[in-house]
Amino acid sequence: MEAGPLSTANLTPTPMPPPPSSLVRRSRRRRPTLAIHRIWPRHAVPGGRVDISGRGFRVDYASRIRVFFGDEPAHIYRVSASRLGVQVPENAGSEVRVCLNDRETEPYPISIGRFVAEKLHIVSNPVFDSEGFLYTTVSGTRGEKIPHPVYRLADDEDPVPMGDGIVNPTGLAWGPDDTLYVSSRQDGHIYRMNEDGDFDVLLENLGVATGIGFSPTGDLMVGDRNGVVYRMAPDGDVSVFSQMRPSVSAYHLAFNSAGSLFVSGPTLASRDHIVEFEPDGEVRRLLSGFGRPQGMAFDHRDRCFIAEGLAGDGGVFLFTAERTTRRIISGPSMVGVAIRPDEGVIAVATGEAVYAFDLDSELLGESEEEGSGVG
């Protein structure tokens, strides 16, 4: 019987076997993008710590990650996939880059404080005068007599030495009579600058006299770190304003526009607070949550700028009327802060150096690291 033509209508194609695995083209894993999303605080001085958030910070390659402030390498103390903790180097530039192997991020801006002076010994707030000159100290160790223990500083001018004869100058204040007042923790005296730029003794035997400040009504307050705050009225009468627990270093004083006195005084406790006194000496409240609060200053809106001296968390914190606290400047252990009379500049002091920032909306407008500032 003769076979008919072959029909393919009901035939199923035989599937081709897969190619050997060695011939399969493997897709290459895309390397994650390396980028900086945010740096906070956005303002810092050398020695401060900042956090860098972003992506591509591979933990398995942590030893290969490099961070540069301009051309200066920074010390990295914490690494995660999305965050780096770094310490601001000396001579830091104003742009930050993160590098990993052959890749690097786009530069990210950061504000580094303008250098003002160094080789100082500062133990409390510097202070501006009415013309914008800044005064600070070379305080010295206990009983050490420094030839020129007070300096007047200005941009583009050589420092002017002052204060001959004052041993261990500590607190500084610019008085309503438009002159400089200085406390000495060595002899417990308060000195007043005369017209010749020399200093005369105004008050004597006020214990370990540290922080000083003037109220809106002209009262001079003096903090004896043994546990007393004295008040000298404009007529010269001296009395005890209030008593406090002793401080291991110094009291720091500041007034707001309503005449309330704020006093900080580091102790041996793990956390310290700031005491607010009513003008009559009654305690109004305690501002807590600080590690080692030191010098303070108020602006015309009664925002309080607080120098934090806690190692690893130092800087300047802003305490607002809404009772929130946030760090606006990162630095090493900070001891003082001052605001120029026109409020265009804020000076911040470590124990050895002074830096300056423009006191503008960029410095004040950030909201990172918010938290309660009231206990």
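Two strands count as paired here if DSSP finds at least two bridges between them. With that in mind, this predicted model can be read first through one of its sheets, in which Val150 stands opposite Met162 in β16. Strand β15, residues 150-153, is joined to β16 by three bridges, and these two strands run antiparallel. They belong to an open sheet of four strands in the order β13-β14-β15-β16, with antiparallel pairing. The edges of this sheet are β13 (127-128) and β16 (160-162), each of which pairs on one side only. Strands of a sheet pair through backbone hydrogen bonds, in either a parallel or an antiparallel manner.

The backbone also has some notable features in its loops. The peptide bond that leads from Trp40 to Pro41 is cis, with omega near -10°, and Pro41 is found in the loop between β1 (35-40) and β2 (43-44). Asn91, although it is not a glycine, has a positive phi of about 60°; the loop that holds Asn91 runs between β7 (83-87) and β8 (95-100). Asn91 counts as exposed because its relative accessibility is 64%, and the cut-off for that class is over 50%. Glu343 is likewise not a glycine and has a positive phi of about 60°, and this residue sits in the loop between β33 (334-339) and β34 (345-350).

Turning to charged side chains, the structure holds 12 salt bridges, among them the three set out below.

| Salt bridge | Closest N to O distance |
|---|---|
| Arg114 and Asp358 | 3.3 Å |
| Arg284 and Glu276 | 3.0 Å |
| Asp299 and Arg303 | 2.7 Å |

In the salt bridge between Arg114 and Asp358, distant parts of the chain are linked, since Arg114 lies in strand β12 (residues 114-117) and Asp358 in strand β35 (residues 354-358), 244 residues apart. Arg114 is partly exposed, with a relative accessible area of 39%, and Asp358 also counts as partly exposed, at 39% relative accessibility.

The salt bridge between Arg284 and Glu276 brings together a partly exposed residue, Arg284, with a relative accessible area of 48%, and a buried one, Glu276, with a relative accessible area of 1%. Through salt bridges that share partners, Glu276, Arg284 and Arg285 are joined into one network. In the salt bridge of Asp299 with Arg303, Asp299 is buried, and so is Arg303.

Methods
Residues are numbered from 1 along each chain as its sequence is written. This is a predicted model: local features need pLDDT of at least 70, side-chain atom pairs count only at pLDDT 80 or more; totals for chains, interfaces and linings use all residues. Side-chain values use heavy atoms; hydrogens and water are left out. Buried means under 20% relative accessible area, exposed over 50%, partly exposed in between (1.4 Å probe, protein chains only). A salt bridge is a side-chain nitrogen of Lys or Arg within 4 Å of a carboxyl oxygen of Asp or Glu.
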